[in-house]
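Open the model in your viewer and keep the sequence panel visible. This tour goes from one selection to the next and says what is found at each stop.

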Amino acid sequence: MLDIIYRYDPYRKEEIQPPADAAEAQQRLEDGNRRFAHLLEIDPEAELPGPPIIHFRLEDMGIATGGSTPIQTPYAVVLGCSDARVPVEMIYSEGCNNLFVVRVAGNVLGSEGLGSIDYAIQNFAGTLKLVVVMGHSGCGAVTAAVDAFLNPERYLAIASSHPLRTIVDRELLAVHAADNSLHEAYGIDVGTRIGYRKALIETAIVFNAALTAAALERELVRERAPEIRVCFTVYDLGTRIVRVPALGQCSQGNEAVRLVRPPTEPAGLISLAQEIVRSDFIREMLN
């Protein structure tokens, strides 16, 4: 049996204090994910291992005196995928009113998503410290783009649906970049390897998150809200850990939780793609 407790405790107000700055906000999300990832672990040294507790304010649940409406006070924006297996608040062990969540298939950045994030930046300047783009392993939208790239006949199957085609088209930029990087790293025959499709999918997932974060940094944050930090990461469905499978995290067994700031220049994005495809995480898929 596993319990997750949401607790209001008027004598533990320090538990619900918002982060003071971007670094503290990032640390809070990373720590929250560690707690979520290790929910099923029981410490044999502990006599009575307690359930995880998420503290919240009554007013954030709409329970306030005088019928007042709670005020939005998110400290982070998270752009994530609509995948039902990726519950954003739970992944970061957060209660309501702490995260401003924008979810769309493939965590693509269309005008509606961009407008939603822009709204948050403009209206929550007093509390907002962080913007996170979070992809996830085995993403269906990226997989559809990869399959359309590898087999153009698959693209014809979605061509008649403009909304669906729009999502796939937005993913194809990351897929092309991933394909170029894999060929540059492993040669012209890399596409014949058994694990190539899987490696292409997972590389594109990481690069898509990084590319989207870089676009947000450039288009919304750099000039208008430089105090806000932009990061990207990938949620692993198997381990429940958010991480970037490169940049010092070289193997699938490395479970270090990490949010990463994106490169903001084209040369940096190209270097990132090369780091991803040369990591053990991708190399093991190709072998």
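## Stop 1: helix α4 and its cover

Select α5 (152–158), α6 (162–186) and α7 (196–221): these are among the elements that cover the buried residues of α4. The model you are looking at is predicted. Now add helix α4 itself, residues 140–150, where A141, V142, T143, A145, V146, D147 and A148 are buried. A general point helps in reading such a list: an α-helix has 3.6 residues a turn, so residues three or four places apart point the same way.

Stay in helix α4 and pick D147. Is D147 buried or exposed? With a relative accessible area of 12%, D147 is buried, because the cut-off for buried is under 20%. Setting aside neighbours within four places in sequence, D147 is in contact with R154 and R197. For a distance across the model, select L272 as well: D147 and L272 are 125 residues apart along the chain, and their C-alpha atoms are separated by 23 Å.

## Stop 2: N208 and N107

Next, go to helix α7 and select N208. N208 has a relative accessible area of 5% and is therefore buried. Which residues does N208 contact, leaving aside its neighbours within four places in sequence? They are G106, N107, E171 and A174.

Follow that list to N107, in the loop between β4 (99–103) and α3 (111–123). N107 counts as buried, at 2% relative accessibility. Beyond four places in sequence, N107 touches L79, G80, C81, V133, M134, G135, N208, A209 and T212.

## Stop 3: the nonpolar cores

In soluble globular proteins, nonpolar side chains tend to be buried together. To see the largest nonpolar core here, which has 58 residues, start with I117, I121, L182, F232, I282 and L286, the ones with the most contacts inside it. Helix α7 gives the most to this core, with 14 residues.

Select I282 and show its surroundings. Not counting residues up to four places away in sequence, I282 touches L182, A199, E202, T203, I276 and V277. Then clear the selection and choose F36, L99, L130 and M134, which are included in a second, separate core of 22 residues. M134 was also listed above, as a residue that N107 touches.

## Stop 4: an exposed loop residue

Move to G238, in the loop between β6 (229–235) and β7 (242–243). G238 has 61% relative accessibility, so it counts as exposed. Add S137 to the selection: G238 and S137 lie 101 residues apart along the chain, yet their C-alpha atoms are separated by 8.4 Å.

## Stop 5: the whole chain

Clear everything and show the full chain as a cartoon. It has 9 helices and 7 strands. Along its principal axes, the C-alpha trace spans about 65 × 50 × 35 Å. How does the radius of gyration of the chain fit a compact globule? For 287 residues such a globule would have a value near 19 Å, and the chain has 20 Å, which agrees.

Of the 287 residues, 47% are buried. Among contacts with a separation of 6 or more, 75% are between residues 24 or more positions apart. Now switch to a surface view. The chain exposes about 14,200 Å², and carbon and sulfur atoms supply 54% of this area. Finally, colour by charge: the chain has 26 positive and 37 negative charges, and their mean positions are 2 Å apart.

Definitions and conventions: Residues numbered from 1 in each chain as written. Predicted model: local features only at pLDDT ≥ 70, side-chain atom pairs only at ≥ 80, totals over all residues. Heavy atoms only, no water. Helix = DSSP H or I, 4+ residues; strand = E, 2+ residues; numbered from the N terminus. Rg over C-alpha atoms; globule rule 2.2 N^0.38 Å. Buried < 20%, exposed > 50% of the residue type's maximum accessible area, 1.4 Å probe, protein only. Contact = heavy atoms within 4.5 Å. Areas by Shrake-Rupley, 256 points an atom, 1.4 Å probe, with all protein chains shown as cover. Lys, Arg positive; Asp, Glu negative; His and termini not counted. Charge placed at Lys NZ, Arg CZ, Asp CG, Glu CD. Core = buried A, V, L, I, M, F, W, Y, C linked by side-chain atoms within 4.5 Å.
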